[in-house]
Amino acid sequence: MREKDTKSISGIPMVLVLLVLVAAGLYQIAIGIGDDALILIIAGFAFVALAATLLAGLYTVAPNQSAVLSLFGKYVGTVDEQGLRWNNIFYTKKKVSKRVRNFESGKLKVNELDGSPIEIAAIVVWEVSDSAEAVFNVDNYESFVQIQSEAAIRAMATSYPYDQHEDGQISLRSHPDEISERLRVEIQDRLAKAGIHVIESRISHLAYSPEIAGAMLQRQQAGAIIAARKKIVEGAVGMVEDALAELKSKNIIDLDAERRATMVSNLLVVLCSDKATQPVVNTGSLY
């Protein structure tokens, strides 16, 4: 089922026609009563009844709205022209808004890629792109959008870890743009059959579940401490290399392998110690 345009008549001329019919009918009734002419009275009522019947074909289409027309269950077409319109009185007219809409999912509890339970919620911005599919392919497209979006959020969350554990790895917390695009594509795949276009989707809430939040915080702190220590060691090794190269280039002192190893060891201890301001060894013995 795909959307197709259909023609409609402007409602303003039809209103004028209806007013003429009503006026003519009332005039015939008045003349018939005055002349005691039953045929004129019947004709007048017929004009009024015809006008009332044709009135059922009038409907309005607001900006960013479509009217899906069907005849005895068969899809006829869609009218996108704004304003007062008129079509066959037997057409069923279903209004569909094409305005941009959004909703925020509830906080969903899922297990991320590493198996840790997390809470996640997302905001989805969407619009109806095909009114015929939205009306005829699903029972209630608004409910369909909500349920399928939450299913897509769950599926996406189980495909990525909460935190980045390796260089280049995409995680829920460290790569918001990549995750948002993946989520948008995931939701779009599920909603395409309902004539829905997903404009944007972004995570609005992301956290570990309360029962493991404390343990995960300690894990993050430990990881931060390890990373900091690693940087300190890398910096210290670089400083030691520079110091040895400087001593050698200026011929300040000539160290054999044993003294070089001892000096390197002592410098690393001094540079990497939490109390680097305190004397650790007396390096004068090296000379």
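This briefing walks through the cores, salt bridges, aromatic pairs and one loop histidine of the structure above. Please keep in mind that the model is a predicted one. Its largest nonpolar core has 33 residues, and the count of salt bridges comes to 12. There are also 4 aromatic pairs.

**Nonpolar cores**

- Within the largest nonpolar core, of 33 residues, Trp126, Tyr141 and Ile196 have the most contacts.
- Two or more residues come to this core from each of β8 (108-111), β9 (117-128), α3 (131-136), α4, α5 and β10 (196-208).
- Helix α4 is the element that gives the most, with 7 residues.
- A second core, of 7 residues, lies apart from the largest one, and its members include Leu21, Ala51, Leu54 and Leu58.
- As general background, nonpolar side chains in soluble globular proteins tend to be buried together.
- Ile196 is a good residue to click on: setting aside residues up to four places away in sequence, Ile196 touches Trp126, Glu127, Val128, Ser129, Tyr141, Val145, Gln188 and Leu191.

**Salt bridges across the chain**

- Glu3 and Lys98 join their side chains in a salt bridge, with an N to O distance of 3.3 Å.
- This pair links distant parts of the chain, 95 residues apart: Glu3 sits in the segment before β1 (9-10), and Lys98 in the loop between β6 (91-97) and β7 (101-104).
- Glu3 has a relative accessible area of 24%, so this residue is partly exposed.
- Lys98, on the other hand, counts as buried because its relative accessibility is 18%, and the limit for buried is under 20%.
- Another salt bridge pairs Arg101 with Glu142, whose closest N and O atoms are 2.6 Å apart.
- Here too distant parts of the chain are linked, since Arg101 belongs to strand β7 and Glu142 to helix α4, 41 residues apart.
- The relative accessibility of Arg101 is 18%, so Arg101 counts as buried.
- Its partner Glu142 has 41% relative accessibility and therefore counts as partly exposed.
- Arg2, Asp130 and Glu133 are joined into one network by salt bridges that share partners.

**The Arg85 and Glu81 pair**

- Arg85 and Glu81 form a salt bridge too, and their closest N and O atoms are 3.4 Å apart.
- With 10% relative accessibility, Arg85 counts as buried.
- Glu81 is partly exposed because its relative accessible area is 42%.

**Aromatic pairs**

- The total for aromatic pairs is 4, and one of them is made by Phe72 and Phe90.
- The ring centres of Phe72 and Phe90 are 6.3 Å apart and the planes meet at 40°, so the pair is tilted.
- Phe72 is in the loop between β3 (65-71) and β4 (74-79), and Phe90 is in the loop between β5 (83-86) and β6, so the pair ties together parts 18 residues apart in sequence.
- Both of these residues, Phe72 and Phe90, are exposed.

**A buried loop histidine**

- His175 is found in the loop between α4 (141-157) and α5 (176-191).
- Despite this loop position, His175 counts as buried, because its relative accessibility is 17%.
- Beyond its neighbours within four places in sequence, His175 is in contact with Gln164, Gln169 and Ile170.

Terms used: Residues are numbered from 1 along each chain as its sequence is written. This is a predicted model: local features need pLDDT of at least 70, side-chain atom pairs count only at pLDDT 80 or more; totals for chains, interfaces and linings use all residues. Side-chain values use heavy atoms; hydrogens and water are left out. Helices (H or I, at least four residues) and strands (E, at least two) are DSSP runs, numbered from the N terminus. Buried means under 20% relative accessible area, exposed over 50%, partly exposed in between (1.4 Å probe, protein chains only). Contact means heavy atoms within 4.5 Å. A nonpolar core is a set of buried Ala, Val, Leu, Ile, Met, Phe, Trp, Tyr and Cys residues joined through side-chain atoms within 4.5 Å. A salt bridge is a side-chain nitrogen of Lys or Arg within 4 Å of a carboxyl oxygen of Asp or Glu. Rings of Phe, Tyr and Trp (its six-membered ring) pair if their centres lie within 6.5 Å; planes under 30 degrees apart count as stacked, over 60 as edge-to-face and the rest as tilted.
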